[in-house]
Amino acid sequence: MTIPQQLILPDDLSVALPDYIHQPVLRQLAERVQYDMLGHMTQALRHDTDHAAQSARILERLYQTPIADASILVAITNEARPRLLLTRRAAHMNSHAGEVSCAGGKHEHYDGNNVITALREACEETALPPNKVQLLGQLPIQTSKSGMSVRPIVALIEPNLELVPEIGEISRIFWADFERLITQPTIEYAIEYTMMEQTATIVTPSWQIEGETVWGLTGKVLASLLETGFDRQLEWYYRMQESGLDIGR
């Protein structure tokens, strides 16, 4: 399914400001993500009663951020018991086949900025309507194992949306209990890794969520989200099982 560019316009997008978020965990997340993104400007925002101006400054920063190779939408439901949207990629995909991911994908030249990329891809993959999304901000760039730069865009979405997986790309849509995730321990996940025609077993942190293993780039994005929003420090590593050699983060 292709989403025409004209259906997602920057002027149609909205920001979730902490003053309007009732759920305490989500309010703290919004404050931290926006502070991390804007730095000293956040102090001025807190004393600015013009909420339209606050939203405009946040959107301006998002739109002016250099364009990444790909963007993903870290979407959390705006409700008393928030849930975080996750997908499992189809087994026939050329990259990251069968792995858990946030909805998202590669930047297209007509997108204009990372936010539009994330929203367009999320709509294509899950039928998530862009007008049901309120932006919180962005997280630091992550690099995929193929070397692509990936920008996570954090947002709140309306609860109880009827999402539909795009069968060409997504085999399952599921949800993480967000408040549980904040303190949920990680476990080591072992995977066969081939490099230079040599195969070894590596171990890396992961979460077990709804019967799925969340690791790799998606795991790193969630770890970054929890560090930014809730000061949770997680060591993220890829280590050869037998030798204990760390082969990268």
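**Exercise 1. Determine which sign phi takes at Asp-231, just after helix 6, and test whether the length of that helix agrees with its number of residues.**

Solution. Just after helix 6, the backbone of Asp-231 adopts a positive phi of about 60°; like everything that follows, this value comes from a predicted model. Turning to the helix itself, one notes that helix 6 covers residues 216-230 and so has 15 residues. The expected span is 1.5 Å times one less than the number of residues, which gives 21 Å for helix 6. The C-alpha atoms at the two ends of helix 6 are 21 Å apart, in agreement with that expectation. As for its surroundings, 13 of the 15 residues of helix 6 are buried, so that the helix is mostly covered, where buried means under 20% relative accessible area.

**Exercise 2. Locate Asn-160 and Glu-210 in the chain, and decide whether each is buried or exposed.**

Solution. Asn-160, a residue other than glycine, has a phi near 65°, which is positive. Its place is in the loop that runs between strand 8 (149-157) and strand 9 (170-177). Because exposed means over 50% relative accessible area, the 70% of Asn-160 puts this residue in the exposed class. Glu-210, likewise not a glycine, shows a positive phi of about 50°, and it belongs to the loop between strand 11 (198-209) and strand 12 (212-214). With a relative accessible area of 53%, Glu-210 is exposed.

**Exercise 3. Find the rings over which the charged ends of Arg-83 and Arg-239 sit, and state how many aromatic pairs the structure holds.**

Solution. For Arg-83, the ring is that of Trp-175, and the charged end lies 4.5 Å from the ring centre. For Arg-239, the ring belongs to Tyr-237, with a distance of 4.1 Å from the charged end to the centre. A search for aromatic pairs across the whole structure returns three.

**Exercise 4. Describe the chain as a whole, and identify where pLDDT stays under 50.**

Solution. The chain has 249 residues, of which 48% count as buried, and its secondary structure consists of six helices and 13 strands. Of the contacts between residues at least 6 apart in sequence, 64% join residues at least 24 apart. The accessible surface amounts to about 12,300 Å², with 49% of it belonging to carbon and sulfur atoms. The average pLDDT is 88, and 84% of the residues score at least 70. Residues 1-6, however, stay under 50, and for them the model has nine contacts beyond four places in sequence.

Note on methods
Residues numbered from 1 in each chain as written. Predicted model: local features only at pLDDT ≥ 70, side-chain atom pairs only at ≥ 80, totals over all residues. Heavy atoms only, no water. Phe/Tyr/Trp six-rings, centres within 6.5 Å; stacked < 30°, edge-to-face > 60°. Lys NZ or Arg CZ within 6 Å of the ring centre and 35° of its normal. pLDDT = per-residue confidence, 0-100. Contact = heavy atoms within 4.5 Å. Helix = DSSP H or I, 4+ residues; strand = E, 2+ residues; numbered from the N terminus. Buried < 20%, exposed > 50% of the residue type's maximum accessible area, 1.4 Å probe, protein only. Areas by Shrake-Rupley, 256 points an atom, 1.4 Å probe, with all protein chains shown as cover.
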